[in-house]
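Where do the helices pack, and what lines the enclosed space? This report takes the helix pairs in turn, then the cavity.

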Amino acid sequence: MIKVVLVDDHAVVRSGLRLLLDNQDDIEVVGEAGNAKDAVFRARALKPDVILLDVVMPGESGIEALPKLLAESPETNVLVLSMQDDPSYVREAFAAGASGYVLKEAADEEVVSAVREIARGGRYVHPALGARMVAADAQERAAAAAYPLSDREREVLRLLALGHTNQEIAEQLYISVRTAESHRAHIMQKLRLSTRAELVRYALSHGLLADEPG
């Protein structure tokens, strides 16, 4: 039997979920909580297999409470149930320790399947959200490939291309010489360049010297 605790600040949502889950032969709702503080208490006392956790609650959010819940009951798996359909919320939830993320608009069958999946140690993400996460990750990788340098590295590259020494760069950017040297090494490695002439060509071709007075 999969033991579940429901955490949502809306009693009507908890009632609907309890009715849905208690109708399953292999799932039992053993407790409820309307806020993060009570949820931590339930986790400590009941040690459920799964906690169904809302994100937006008065006071402490579900994401903020997640590490505390897992600290009280490390064997519990948390399924976030949320209205938030932004992939960034999903990443934040998983980073905090969630095992699954399902939207409140999901069909009953999907919620039940997600509970069963994470109860046996799996992971679950609402399919549409999963597809959007893949697309967002692909965009981020493409952006990183097009602009591999951080803002600070671009500034160091600009100064290097203008002929400044590591000492001069350190003084202008208020960093240590060692840090300037480290930035230079990272720039050369990321751009696969080996000489100052190549650095100058890269800086020119990417407009990093365009604002300099001629």
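## Basis

Axes here are lines fitted to C-alpha atoms, for helices over the stretch in contact, and angles run from 0 to 180 degrees between N-to-C directions. Helices (H or I, at least four residues) and strands (E, at least two) are DSSP runs, numbered from the N terminus.

This is a predicted model: local features need pLDDT of at least 70, side-chain atom pairs count only at pLDDT 80 or more, and totals for chains, interfaces and linings use all residues. Residues are numbered from 1 along each chain as its sequence is written, and side-chain values use heavy atoms, with hydrogens and water left out.

## Helices α1 and α5

Helix α1 spans residues 11-22 and helix α5 spans residues 108-119. They pack at an angle of about 70°, and their axes are 11 Å apart. The pair is therefore roughly perpendicular (65 to 115 degrees; under 35 is roughly parallel, over 145 roughly antiparallel, the rest oblique). The crossing of α1 and α5 is right-handed: the near helix is turned clockwise from the far one by less than a right angle, whereas anticlockwise would be left-handed.

Contact means heavy atoms within 4.5 Å. From α1, Leu17, Leu20 and Leu21 take part; from α5, Asp108, Val111, Val112 and Val115 do. These contact residues divide into 6 nonpolar, no polar and 1 charged. Nonpolar covers Ala, Val, Leu, Ile, Met, Phe, Trp, Tyr, Cys and Pro; charged covers Asp, Glu, Lys and Arg; the others, Gly among them, are polar.

## Helices α2 and α3

Helix α2 (residues 36-46) packs on helix α3 (residues 62-72). Their axes come within 8 Å and cross at roughly 20°. That angle makes α2 roughly parallel to α3. The α2 and α3 crossing is right-handed.

On the α2 side, the contact uses Ala36, Ala39, Val40, Ala43 and Arg44. Ala65, Lys68, Leu69 and Glu72 come from α3. The split for the contact of α2 with α3 is 6 nonpolar, no polar and 3 charged.

## Helices α3 and α4

Helix α4 covers residues 87-96. The axes of α3 and α4 come within 9 Å, crossing at roughly 20°. These two helices are therefore roughly parallel to each other. Their crossing is right-handed.

Ile63, Leu66, Pro67 and Leu70 of α3 meet Glu92, Ala93 and Ala96 of α4. This contact has 6 nonpolar residues, no polar and 1 charged.

## Cavity

A cavity is a set of points on a 1 Å grid over the protein atoms alone, where a 1.4 Å probe fits but cannot get out; lining residues have an atom within 4 Å of a point. Grid points are joined across faces, edges and corners, and volume is the space filled by probe spheres set on the points. The count is 1 cavity of 30 Å³ or more. The largest cavity holds about 30 Å³.

Its lining is Leu6, Val7, Asp8, Leu17, Leu52, Leu53, Asp54 and Leu81. Two elements, β1 (2-7) and β3 (50-54), give two or more residues each. The largest share, 3 residues, comes from β3. By class, the lining has 6 nonpolar, no polar and 2 charged residues.

Conventions: On a 1 Å grid over the protein atoms alone, a cavity is a set of points where a 1.4 Å probe fits but cannot get out, and a pocket is an open set with protein on both sides within 12 Å along at least five of seven lines; lining residues have an atom within 4 Å of a point.
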